[in-house]
Amino acid sequence: MYVIIAGAGKVGWNLARELIAKDREVTLIESNHGRYRVVEEELEHAVQYGDATELWVLERAGIQRADLVIAVTGDDEDNILICQVAKEKYGCERIVARVNNPRNLPHFKLLGVQPAVSATDLILRLIEHEVPEYGLVQLLALEEEHLEIIELEVGKGSAAAGRRVQDVVLPDGSLIISVLRHGAGFVPKADSVVEAGDQVLLILDPGIEGDITPQFAPNGAEGS
Amino acid sequence: MFILIVGAGRVGSAVAKRALDAGHEVSVVDSDPLSHERLDKDQSTTWEDAGGRFTVGAALEVDGLIDAGIEEADVFLAATRGDNTNLVIAQLAQRQFNVPRVVVRVADPGRAAWYAEQGLLTICPTQIAIDQAEQVVLAP
């Protein structure tokens, strides 16, 4: 697998290191000359100097045969255009873009640059996971596929507590796929009983969370 | 026509003034409030008194573009100093706001040519300079 990474900042440099350690062929592209020289001392021929938004720089790096292009510069416009060109001009099927400012995320989507990864969003998700303010944590959103996986705590006295999985009232387009109890997880059968205090993972069509949470809210309270 | 111009540099401000003189409605966006001076320079009245609009906003901030009237624009000109900014906002104007005519300044001839093939009206000052220099240098 041949990987081109645009931007040799902390993210790009470490990605390159990790991928090289996994025996991937990697070319890293950096437009700041000082930074390039620092990185070049370690990565040698695996880093090239140039502006990855310019077509000839991508072509010199061998974009025509790249299996994966990762744009992780500190500039969202650059990341969008590098991925757009990689995909639409050079037919690279797999791209990954870094979103520096989460407010720019819609621009990535509009121009077909997906997946787009935002460190801010990732950290926010982790915070929600550690501090589940609403009792619901979104674990994974497969936007292209219109599916998401969420985690919910089964509240004490909730409608779901003490019921078999098949008896938990859930809207169409949702399914309990895993139960976490005392730090261990299992895949439930239809007759497995859900207990208060369990964490359940559900896969669902995005947008119907509001119909699901009341089943798990403690003492019949309205979940948010 | 209603013309929205992003980037009040030499090109953007000059085109804005000419378009206003020609009787069009013109709105200009620039991240630098001081760039407004270019619109007033050599004019008998201020830009606003002459009927022009000016909004301070970063090019990628959609709110600023909406304040400047992108939803009603007939023509959009992306003329900031950054090629990449111009190419992204031009595509936003085209795909998100459905502006009928989108013009984008791109200094890099390679990408100007490719994005022109993708349906953007690109203007490449570098290519124009190359062509002119070639004519002059190689003149018999």
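Before anything else, a word on names: helices and strands here are DSSP runs, with at least four residues for a helix and at least two for a strand, numbered from the N terminus. With that in hand, A:Glu44 is easy to place: this residue sits in the loop between α2 and β3 (47-49) of chain A. Please keep in mind, as we go, that we are looking at a predicted model.

Let me stay with A:Glu44 for a moment. Its phi is near 50°, which is a positive value in a residue other than glycine. Most residues other than glycine have a negative phi. Is A:Glu44 buried or exposed? The cut-off for exposed is 12 or fewer other C-beta atoms within 10 Å. A:Glu44 has 8 other C-beta atoms within 10 Å, so it is exposed.

Now for the wider layout of chain A. The chain is divided into domain 1 (2-117) and domain 2 (132-220). Between the C-alpha centres of domain 1 and domain 2 of chain A there are 38 Å. Here is a pair of residues to click on: A:Glu40 and A:Glu148 are 108 residues apart along the chain, and their C-alpha atoms are separated by 41 Å. A:Glu40 belongs to helix α2 of chain A. This residue is partly exposed, with 17 other C-beta atoms within 10 Å.

Next, please turn to helix α1 of chain A, residues 10-21. Its 12 residues should span 16 Å at 1.5 Å a residue, and its end C-alpha atoms are indeed 16 Å apart, so the two agree. Which residues of α1(A) are buried? They are A:Gly12, A:Trp13, A:Leu15 and A:Ala16. Looking down the axis of α1(A), you would find these buried residues within an arc of 165°, so they line one face of the helix. An α-helix has 3.6 residues a turn, so residues three or four places apart point the same way. On the other side of α1(A), the exposed residues are A:Lys10, A:Asn14, A:Glu18 and A:Ala21. And what do the buried residues pack against? Their partners are β1 (2-6), β2 (25-30), α2 (33-43) and β4 of chain A. Just past the end of α1(A), have a look at A:Asp23, which takes a positive phi of about 65°.

That mention of β4 brings us to the strands. Strand β4 (residues 68-71) and strand β5 (residues 94-99) of chain A run parallel and are joined by 4 bridges. One place to see this is A:Ala71, whose bridge partner in β5(A) is A:Ala97. Between these two strands comes helix α4 (residues 76-88), and β4(A), α4(A) and β5(A) make a right-handed β-α-β unit.

Moving on along the chain, β5(A) is also joined to strand β6 (residues 116-118) of chain A, by 3 bridges, and this pair runs parallel too. Here A:Arg98 stands opposite A:Val117 in β6(A). To get from β5(A) to β6(A), the chain crosses through helix α5 (residues 105-110), again in a right-handed β-α-β crossover. There is a nice detail on the way: the peptide bond from A:Gln114 to A:Pro115 is cis, with omega near 0°. A:Pro115 is in the loop between α5 and β6 of chain A.

Let's go back to α4(A), which has plenty around it. This helix has 13 residues and reaches 18 Å from its first C-alpha to its last, close to the 18 Å expected at 1.5 Å a residue. How many of its 13 residues are buried? The count is 11, and the helix is mostly covered. Among the buried ones are A:Ile80, A:Leu81, A:Ile82, A:Cys83 and A:Val85. The buried residues of α4(A) pack against β1, α3 (55-60), β4, β5 and α5 of chain A, together with α4 of chain B.

So let's step across to chain B. In this model, 13 residues of chain B are in contact with 13 residues of chain A. On the chain B side, the elements giving two or more residues are α4 (83-95) and α5 (109-117). The largest share, 7 residues, comes from α4(B).

I'll finish in the loop between α4 and β5 (101-105) of chain B, where you will find B:Asn98. This residue has a phi near 50°, a positive value in a residue other than glycine. B:Asn98 has 11 C-beta neighbours inside 10 Å, so it counts as exposed. Thanks, everyone!

Terms used. Residues numbered from 1 in each chain as written. Chains lettered and ligands numbered in written order. Predicted model: local features only at pLDDT ≥ 70, side-chain atom pairs only at ≥ 80, totals over all residues. Pairing = 2+ DSSP bridges. Right-handed = clockwise from strand over helix to strand, strands pointing away. Expected span 1.5 Å × (residues − 1). Buried ≥ 20, exposed ≤ 12 C-beta atoms within 10 Å, placed from the backbone. Arc of directions from axis to C-beta. Contact = placed C-beta atoms within 7 Å. Domains from an automatic or database assignment.
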